[in-house]
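Trainee: I am new to this structure and would like a close look at one part of it. Could you pick a residue and walk me through its surroundings?

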Amino acid sequence: MAKGPEKNTKNKALHTKLLNRKRAKLQEEKKEKALRLKALVAKMNQKKNSNESDPT
């Protein structure tokens, strides 16, 4: 029985590598965004607390 054409595993491996790189980049961007947001929230809370403690 004749089998189909050989599978192109080289392209599949390159595609997988590309997708893994893309996935890693998105995760890194998500972490950076979360850190920036966390820093901003901390800054705003600190500002809010300093404004509340002023008797002005």
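Mentor: Happy to! Let us begin with Ala42, which is partly exposed, with a relative accessible area of 43%. That value puts Ala42 in the middle class because buried means under 20% and exposed means over 50%. Please keep in mind that this is a predicted model.

Where does Ala42 sit? Ala42 is found in helix α1, and this helix covers residues 9–53. To get a feel for distance along the chain, take Ala42 together with Leu18: these two are 24 residues apart in sequence, and their C-alpha atoms lie 36 Å apart in space.

Now let us visit two other residues of the helix. Lys38 also has its place in helix α1. With a relative accessibility of 62%, Lys38 counts as exposed, because the exposed class starts over 50%. Pair Lys38 with Lys10, 28 residues away along the chain, and you find 42 Å between their C-alpha atoms.

Ser50 is another resident of helix α1. What is its exposure class? Ser50 is partly exposed, at 36% relative accessible area. Its side chain has a partner in the backbone: a polar atom of the Ser50 side chain lies 2.8 Å from the backbone oxygen of Lys47. Looking further along the chain, Ser50 and Glu29 are 21 residues apart, and 32 Å separates their C-alpha atoms.

With those residues in mind, step back to the whole chain. How many helices and strands does the protein chain have? Its secondary structure comes to one helix and zero strands. The radius of gyration is 25 Å, well over the 10 Å that the globule rule gives for 56 residues, so the chain is more spread out than a compact globule. You can see this in the outline too: along its principal axes, the C-alpha trace spans about 90 × 15 × 5 Å.

What about burial? Of the 56 residues in the protein chain, 0% count as buried. The accessible surface comes to about 6,200 Å², and carbon and sulfur atoms account for 57% of that surface.

Finally, a word on charge. The protein chain carries 17 positive and 6 negative charges, and the mean positions of these two groups are 11 Å apart.

Terms used
Residues are numbered from 1 along each chain as its sequence is written. This is a predicted model: local features need pLDDT of at least 70, side-chain atom pairs count only at pLDDT 80 or more; totals for chains, interfaces and linings use all residues. Side-chain values use heavy atoms; hydrogens and water are left out. Helices (H or I, at least four residues) and strands (E, at least two) are DSSP runs, numbered from the N terminus. Buried means under 20% relative accessible area, exposed over 50%, partly exposed in between (1.4 Å probe, protein chains only). A polar contact is a pair of N or O atoms within 3.5 Å; within protein, one must be able to donate a hydrogen and the other to accept it, and residues adjacent in sequence count only if both atoms are side-chain atoms. The radius of gyration is taken over C-alpha atoms; the globule rule is 2.2 Å times the number of residues to the power 0.38. Accessible areas come from the Shrake-Rupley method with a 1.4 Å probe; for residues, only the protein chains shown count as cover. Lys and Arg count as positive and Asp and Glu as negative; His and the chain ends are not counted. The place of a charge is taken as NZ of Lys, CZ of Arg, CG of Asp or CD of Glu.
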